[in-house]
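Subject: Handing over a structure

Hi,

Here is the structure I promised to pass on to you. Please open it next to this email, and I will go through what turned up.

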Amino acid sequence: PFQISGILQKESDEEQDQDGVYARLFVLLADFPSPPDHGDELVVDGTSYTVYEVSVDPTGAARLRLRQHA
């Protein structure tokens, strides 16, 4: 386990869905010992999520699309 800083966005159309609660986490890739990937698990403010998509941009940042654990 390791700690990172990021911006959590939960005010989106995908936040509430019949299959779960979703969010986006904006992070800097340099904060990770290895690149984040589909299936990785993380905890934000005591809530557990699984990464289901990683979008990387050329500036070294990434958007992690997350699904909250039930």
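Below are the findings, from the overall fold down to single residues.

**Overall picture**

Please keep in mind that this is a predicted model. The chain has 6 strands and 0 helices, so there is just one pattern to follow along the sequence: β-β-β-β-β-β. Of its 70 residues, 27% count as buried. The exposed surface comes to about 4,900 Å², with 48% of that supplied by carbon and sulfur atoms. If you look at contacts between residues at least 6 apart in sequence, 41% of them join residues at least 24 apart.

**The core**

Which residues make up the largest nonpolar core? There are 11: Ala23, Leu25, Val27, Phe32, Leu42, Val44, Tyr49, Val51, Ala62, Leu64 and Leu66. Four elements each give two or more residues to this core, namely strand 3 (20-28), strand 4 (41-44), strand 5 (47-56) and strand 6 (61-68).

Strand 4 is a good place to see how the core is fed. Side chains in a regular strand alternate between the two faces of the sheet. In strand 4, Leu42 and Val44 form the covered face, while Glu41 and Val43 form the uncovered one. Both Leu42 and Val44 are on the list of core residues.

**How the strands pair**

Strand 6 has two partners to look at. With strand 3 it runs antiparallel, joined by 7 bridges, and here Leu28 has Ala61 of strand 6 as its bridge partner. Strand 5 also pairs with strand 6 in the antiparallel sense, over 7 bridges; in that pairing Thr50 stands opposite Arg67. The hairpin of strand 5 and strand 6 has 4 residues between the strands, and Gly60 takes a positive phi near 95° there.

Strand 5 is antiparallel to strand 4 as well, with 4 bridges joining them. Val44 has Thr47 in strand 5 as its bridge partner, which puts a core residue, Val44, in this pairing too.

**The turn at Asp45**

Strand 4 and strand 5 form a hairpin with 2 residues between them. Asp45 sits in the loop between these strands, and its phi is near 50°, a positive value in a residue other than glycine. Most residues other than glycine have a negative phi. Is Asp45 buried or exposed? Asp45 is exposed, with a relative accessible area of 77%.

**Two aromatic pairs**

How many aromatic pairs does the structure hold? There are 2. One is Phe2 with Phe32, an edge-to-face pair at 5.7 Å centre to centre and 80° between the planes. Phe2 belongs to the segment before strand 1 (6-9) and Phe32 to the loop between strand 3 and strand 4, so this pair links distant parts of the chain, 30 residues apart. Phe2 is partly exposed at 49% relative accessible area, whereas Phe32 is buried at 14%.

Tyr22 and Tyr52 also form an edge-to-face pair, at 5.5 Å centre to centre and 85° between the planes. Because Tyr22 lies in strand 3 and Tyr52 in strand 5, this pair ties together parts that are 30 residues apart in sequence. Tyr22 is buried, with a relative accessible area of 13%, and Tyr52 counts as partly exposed at 27%.

**Around Asp40**

Asp40 may be worth a look on your screen. Asp40 lies in the loop between strand 3 and strand 4 and is partly exposed, with a relative accessible area of 32%. What does Asp40 touch, not counting residues up to four places away in sequence? The residues are Pro35, Tyr49, Thr50 and Val51. Two of these, Tyr49 and Val51, also appear in the core, and Thr50 is the residue that stands opposite Arg67.

Closer along the chain, a polar atom of the Asp40 side chain lies 2.8 Å from the backbone nitrogen of Asp37. Asp40 and Glu53 are 13 residues apart in sequence, with a C-alpha to C-alpha distance of 9.8 Å.

Happy to talk it over whenever suits you.

Best wishes

Notes: Residues are numbered from 1 along each chain as its sequence is written. Side-chain values use heavy atoms; hydrogens and water are left out. Buried means under 20% relative accessible area, exposed over 50%, partly exposed in between (1.4 Å probe, protein chains only). Contact means heavy atoms within 4.5 Å. Accessible areas come from the Shrake-Rupley method with a 1.4 Å probe; for residues, only the protein chains shown count as cover. A nonpolar core is a set of buried Ala, Val, Leu, Ile, Met, Phe, Trp, Tyr and Cys residues joined through side-chain atoms within 4.5 Å. Two strands pair if DSSP finds at least two bridges between them. Rings of Phe, Tyr and Trp (its six-membered ring) pair if their centres lie within 6.5 Å; planes under 30 degrees apart count as stacked, over 60 as edge-to-face and the rest as tilted. A polar contact is a pair of N or O atoms within 3.5 Å; within protein, one must be able to donate a hydrogen and the other to accept it, and residues adjacent in sequence count only if both atoms are side-chain atoms.
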